[in-house]
Amino acid sequence: MFKIAVLPGDGIGPEVVAEGIKVLDVLSENYSVKFDYQEFEINSERYLRTGDLLTDDDVEQLKKFDTIFLGAIGDDRIKPGVLEKGILLALRFSFDQYINHRPAPLWKPFGRLKRDMDFNIDVFRENTEDYYIGAGGRISNGKGTIDLRVKRQLYDLKARLEVNADAADDYAFEIGMMSRRNIDRFADFVIDNVKMFGEKHITVVDKANVCSNIYGLWREVWTEKCRKAGIDLGFMYVDAMSMALVKNPDKFRVIATPNMFGDILTDLLAEVTGGLGLAPGGNINPQGISMFEPVHGSAPKYRGMDRINPVATILATKMMLDNLGRRDLGQVINDGVRTVFDQGIYTQDLGGTAKTHEVGDAVVEAIRRSKK
Ligand code: IPM
Ligand code: MG
């Protein structure tokens with residue numbers, strides 16, 4: 001029995017999560033697996049009603065589960081950053097999910113590139129540091145002090161920035177930070193995956209030619225780790241990487257990236273594979289509780305219209321099962337999605353006419369029929 005905490009979230013989140021649950025349920029009909037779901041209202045509605053984002057009590061409750069299944073967080077009525085940092089990033093940080101795994105296989109025939117090619121990329125995005133640490137602030141009149149605090153399971157870091165500028169202007173800071181131990185454990189995880197895939201090469205992204213402090217440390221760790229593991233390593237600057245992913249994605253297999261660049265590159269790459277509607281992600285803590293979600297956001301303007309593509313979320317349940325040690329069932333879901341596409345059933349974003357719930361139903365049917 002797997003205990004799943006379900007956080008439908010905002011916008012179209014609840015609709016796509018419902019399709020994911022349908023798919024999990026058909027597995028427990030046909031295979032030896034059981035799921036126990038509990039839904040949590042951790043979203044914009046609750047915030048507007050009570051002022052609560054992710055609370056300590058939420059975290060305590062969520063600790064009782066094997067895994068977390070998240071729809072999407074985001075609401076136009078609330079200033080950018082409040083829900084993102086207060087809920088989504090807070091979840092990733094609280095559960096120390098230091099890896100964000102975003103597979104990006106080409107889903108034929110939906111790929112957006114003109115040239116016929118094949119590729120299957122796995123992106124591993126560092127998920128708790130970099131420019132995402134929320135350390136920064138503003139000062140006015142050129143003078144002031146900013147107190148910074150970064151609290152993680154690996155450390156509790158305090159820093160103070162004294163600013164004294166000779167021009168009395170407003171200044172804003174956003175500070176990036178990486179720690180050796182975190183890069184170290186992240187690299188270990190990625191290298192294990194490279195080996196599991198039977199690969200020998202990894203592409204590591206950064207902007208070490210400009211942000212040479214933060215990505216200098218990053219490179220140092222990667223170089224050492226790959227040397228020891230016998231993995232062949234290539235560094236790419238993020239600008240060149242963006243170009244290469246559009247020009248020849250077939251040259252890449254495993255990509256490791258810092259948090260911020262990973263955010264950007266995975267949207268870009270999702271589009272190349274066929275669109276955000278196909279892109280799932282796993283926020284992974286190999287020793288703890290992981291969380292699975294579609295890469296796309298809450299898309300409030302499509303809410304309740306039954307037209308959003310549920311496949312990203314269905315594939316997030318596949319990643320969840322892989323993570324829970326049931327790769328056999330993960331494969332069943334993946335095959336189910338493939339079958340449905342081959343039957344010509346897909347949503348508008350992919351050029352089809354199927355509704356959200358029809359795609360979910362079709363995947364359920366395909367899984368039922370595939371059971372021997
Ligand atoms: C993502 C999203 C989030 C991120 C936002 C909503 C905070 O864009 O999961 O890619 O930047 O990580
Ligand atoms: Mg993003």
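**Notebook: strand β14 and the core around F69**

I began with the pairing of strand β3 (residues 67-72) and β14, and found that three bridges join these strands, which run parallel; strands count as paired if DSSP finds at least two bridges between them. Helices (H or I, at least four residues) and strands (E, at least two) are DSSP runs, numbered from the N terminus.

I noted that this is a predicted model, in which local features need pLDDT of at least 70 and side-chain atom pairs count only at pLDDT 80 or more, while totals for chains, interfaces and linings use all residues. Residues are numbered from 1 along each chain as its sequence is written, and chains are lettered from A and ligands numbered from 1 in the order in which they are written.

I looked up the partner of F69 in β14, and the bridge leads to F292. On the antiparallel side, I found four bridges joining strand β13 (residues 280-284) to β14, with P280 bridged to P294, and a hairpin of five residues connecting β13 to β14.

I then checked burial, where a residue is buried if 20 or more other C-beta atoms lie within 10 Å of its own, exposed if 12 or fewer, and partly exposed in between, with C-beta atoms placed from the backbone. Five of the five residues of β14 (residues 290-294) are buried. In a regular strand the side chains alternate between the two faces of the sheet. In β14, S290, F292 and P294 are buried on one side, and M291 and E293 are buried on the other.

I listed the contacts of F69 (C-beta atoms, placed from the backbone, within 7 Å), leaving aside neighbours within four places in sequence, and they are I4, A5, V6, L7, V17, G20, F292 and M320. V17 and G20 also appear among the buried residues of helix α1, which covers residues 13-30 and reaches 27 Å, close to the 26 Å expected at 1.5 Å a residue, that is, 1.5 Å times one less than its number of residues.

I next turned to the largest nonpolar core, a set of buried Ala, Val, Leu, Ile, Met, Phe, Trp, Tyr and Cys residues joined through C-beta atoms within 7 Å. Of its 96 residues, F69, V190 and V363 touch the most other members. Helix α9 (residues 311-323) gives the most to this core, with eight residues.

Last, I recorded for the whole chain that it has eleven helices and 14 strands, and that buried residues make up 43% of its 372 residues.

Definitions and conventions
Two residues are in contact if their C-beta atoms, placed from the backbone, lie within 7 Å.
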